[in-house]
Amino acid sequence: MRRLVSGPVMREPYNSLHTERIRAHEKHGDKSAEAMTWDNPRWLPIITEEVGEVARVINERDLGNVTPEMSRLLLVNEVIQVAAMCAAWIDALRGESTDA
């Protein structure tokens with residue numbers, strides 16, 4: 001099991017999630033997840049698409065099309081995108097917002 005930490009080390013994954021949410025919002029504007037209500041039927045398809053990107057990277061690695069080292073870098077980016085969309089949905093469910 002990974003050791004849970006606090007302080008600056010712990011903040012890094014959360015900073016990456018927040019940065020990704022801002023990037024996605026700027027890319028998609030009024031159609032971004034940040035503008036969606038908690039009960040919007042688009043949440044699950046968006047998150048499923050992001051999970052599909054994780055699966056694509058794993059498949060490409062298993063087929064030998066990308067090196068394990070490259071797949072690890074790609075997976076970090078894709079998993080951050082999954083987590084960012086999940087965090088956005090959680091915020092919507094809680095009635096919270098970010099100032100993206």
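Glycine 95 has a positive phi of about 80°, just after helix 3. The model is predicted. Helix 3 recurs below: it supplies residues to the lining of the largest pocket, and it gives the most to the largest nonpolar core.

**Helix 3**
- Helix 3 runs over 68-94.
- Its 27 residues should span 39 Å at 1.5 Å a residue, and the end C-alpha atoms are 38 Å apart, so the two values agree.
- Buried positions in helix 3 include Leu75, Ile80, Val82, Ala84, Met85, Ala88 and Ala92.
- Glu78, Gln81 and Asp91 are also among the buried residues of helix 3.

**Nonpolar core**
- The largest nonpolar core holds nine residues: Ala24, Ala33, Met36, Trp43, Ile47, Ala84, Met85, Ala88 and Ala92.
- Helix 2 and helix 3 are the elements that give two or more residues to this core.
- Helix 3 gives the most, with four residues.
- In soluble globular proteins, nonpolar side chains tend to be buried together.

**Largest pocket**
- The largest pocket has about 230 Å³ of space.
- It is lined by 14 residues, and those closest to its centre are Ala24, His28, Ile46, Glu50 and Met85.
- Helix 1 (8-28), helix 2 (43-62) and helix 3 each supply at least two lining residues.
- Helix 1 has the largest share of the lining, five residues.
- By class, seven lining residues are charged, four nonpolar and three polar.

**Methionine 85**
- Met85 belongs to the largest nonpolar core and is one of the residues closest to the centre of the largest pocket.
- Neighbours within four places in sequence aside, methionine 85 contacts Ala24, Ala33, Trp43, Ile46, Ile47 and Glu50.

Methods
Residues numbered from 1 in each chain as written. Predicted model: local features only at pLDDT ≥ 70, side-chain atom pairs only at ≥ 80, totals over all residues. Heavy atoms only, no water. 1 Å grid on protein atoms, 1.4 Å probe; cavity = no way out; pocket = protein on both sides within 12 Å on 5 of 7 lines; lining within 4 Å. Points joined across faces, edges and corners; volume = space filled by probe spheres on them. Nonpolar A, V, L, I, M, F, W, Y, C, P; charged D, E, K, R; others polar. Expected span 1.5 Å × (residues − 1). Buried < 20%, exposed > 50% of the residue type's maximum accessible area, 1.4 Å probe, protein only. Core = buried A, V, L, I, M, F, W, Y, C linked by side-chain atoms within 4.5 Å. Contact = heavy atoms within 4.5 Å.
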